[in-house]
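Please open the model in your viewer and keep the selection tool at hand. The stops below follow one another, and each names what to select and what is to be found there.

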Amino acid sequence: MILGLETSCDETAAALVTDDARIVSNVVSSQAELHARYGGVVPEIASRRHLELVVPVVREALTEADASLDDVTRVAVTRGPGLIGALLVGLSAAKAIAWARRLPLIAVDHLHGHVASLFLEPDAAEPPFLCLLASGGHTLLLDVRDHSGFRVLGTTLDDAAGEAFDKGARLLGLGYPGGAEIDRLAREGDAEAYDFPVARVPGLDFSFSGLKTALLYKVRELPPEELATRRADLAASYQRAIVTALLGRTSEAAKQIGAERIAVVGGVAANSELRVGLPGAFLAPLPLCTDNAAMIASAGRFLEGIPYPRYLALDAYASLAA
Ligand code: KG4
Ligand code: ZN
């Protein structure tokens, strides 16, 4: 089995995945509550919490699988992109486990991990496909031709789609992270109530920063008592704008590269309006949309491991790999 570890942001996660892509255990400990009072992830707090949680979470993944480290043949870990201090905790833990057991280490790119959330049984997707990766940190259109990588076709020029959800939620007085809350509230609202246009930028890129400013102005215009009654309408209209932008660019990209299948992964792939907007697409299973370690182990299945002990000096990276 492959032991996967993921600590790039505010989820401490460990999972065991078999060589034939079955998830045996998948443990995610979210720190969301810890960061909620700040309205976003505080990097230093995240690192410290990962440090406390990483060993118990690995233990729990083993216990849940009724396995021990004797059953682990490779260790896969997120190397980047993400919060550097947070990444280093997972990477160091993975190195320590691999080194102690004389195992190979597989360094996984977090974005490749999200794509690989589609390669797990019982409903594994097969490349080639066009993949929309929309999360709190990234919004990318990827040309996925095989299991081991991708080509970037477009990205966001400013905020990520999940970030737009989170910032919008904050303006509406909802909790953090706000994507799921906007999704819930939007069901009770009228998506046509407000017109929130999304900037159209050249090529296959996205831009979401203007949208949140438009919402800010709308919220400021409304008298406080009216704001309370219009919150669901605002949430629905705001979500409609984000989803329309994502769907529009995705279908343009599909046409451009002649993709026959479309896939959606990342935290925002959990959004109900986005999911129904893409009939026939490969959708990451709900528990695998937001950050988890099963997707990291899944990506690891298609990568070369670094033999013991050559990985000890391996470093993490904060930004998109070149
Ligand atoms: O993939 P992820 O866990 O972390 C990153 O790699 O960034 O994505 C988290 C993001 C957050 O911005 C969260 O608000 C968003 O995914 N999200 C959603 C939904 N569930 C989570 N956005 C819209 N609708 C949802 N149902
Ligand atoms: Zn992620």
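Which polar backbone atom is 3.0 Å from an oxygen atom of ligand 1? In this predicted model, select glycine 179, for the backbone atom in question belongs to that residue. Keep ligand 1 in view and add aspartate 291, where a polar backbone atom lies 2.9 Å from an oxygen atom of the ligand. Serine 135 can be added next, and here it is a polar side-chain atom that lies 3.4 Å from an oxygen atom of ligand 1. With the protein in place, 89% of the 560 Å² of accessible area that ligand 1 has on its own is covered.

Now widen the selection to the shell around ligand 1, which holds 19 residues, with Gly136, Asp166, Gly179, Asp183 and Asp291 coming nearest. Colouring this shell by class would show 6 nonpolar, 10 polar and 3 charged residues. If you display pockets, ligand 1 is to be found in the largest one.

Turn next to the elements behind these residues, and select helix H4 (110–116), helix H5 (161–171) and helix H6 (179–186), each of which contributes at least two residues to the shell. Then colour domain 1 (2–123 + 289–313) and domain 2 (129–284) separately: ligand 1 lies between them, because both give residues to its shell.

The remaining stops concern the backbone. Most peptide bonds are trans, and most residues other than glycine have a negative phi. Select proline 127 and proline 128, which are joined by a cis peptide bond with omega near 5°; proline 128 belongs to the loop between H4 and strand E6 (129–134). A cis bond is also found from tyrosine 176 to proline 177, with omega near -10°, and proline 177 is placed in the loop between H5 and H6.

Finish at aspartate 66, in the loop between helix H2 (43–64) and strand E4 (74–80), where phi takes a positive value, near 55°, in a residue that is not glycine.

Note on methods. Residues are numbered from 1 along each chain as its sequence is written. Chains are lettered from A and ligands numbered from 1 in the order in which they are written. This is a predicted model: local features need pLDDT of at least 70, side-chain atom pairs count only at pLDDT 80 or more; totals for chains, interfaces and linings use all residues. Side-chain values use heavy atoms; hydrogens and water are left out. A residue is near a molecule or strand if one of its heavy atoms lies within 4 Å of it. A polar contact is a pair of N or O atoms within 3.5 Å; within protein, one must be able to donate a hydrogen and the other to accept it, and residues adjacent in sequence count only if both atoms are side-chain atoms. Accessible areas come from the Shrake-Rupley method with a 1.4 Å probe; for residues, only the protein chains shown count as cover. On a 1 Å grid over the protein atoms alone, a cavity is a set of points where a 1.4 Å probe fits but cannot get out, and a pocket is an open set with protein on both sides within 12 Å along at least five of seven lines; lining residues have an atom within 4 Å of a point. A molecule sits in a cavity or pocket if more than half of its atoms lie within 2 Å of its grid points. Helices (H or I, at least four residues) and strands (E, at least two) are DSSP runs, numbered from the N terminus. Ala, Val, Leu, Ile, Met, Phe, Trp, Tyr, Cys and Pro count as nonpolar, Asp, Glu, Lys and Arg as charged, and the others, Gly among them, as polar. Domain bounds come from an automatic or database domain assignment.
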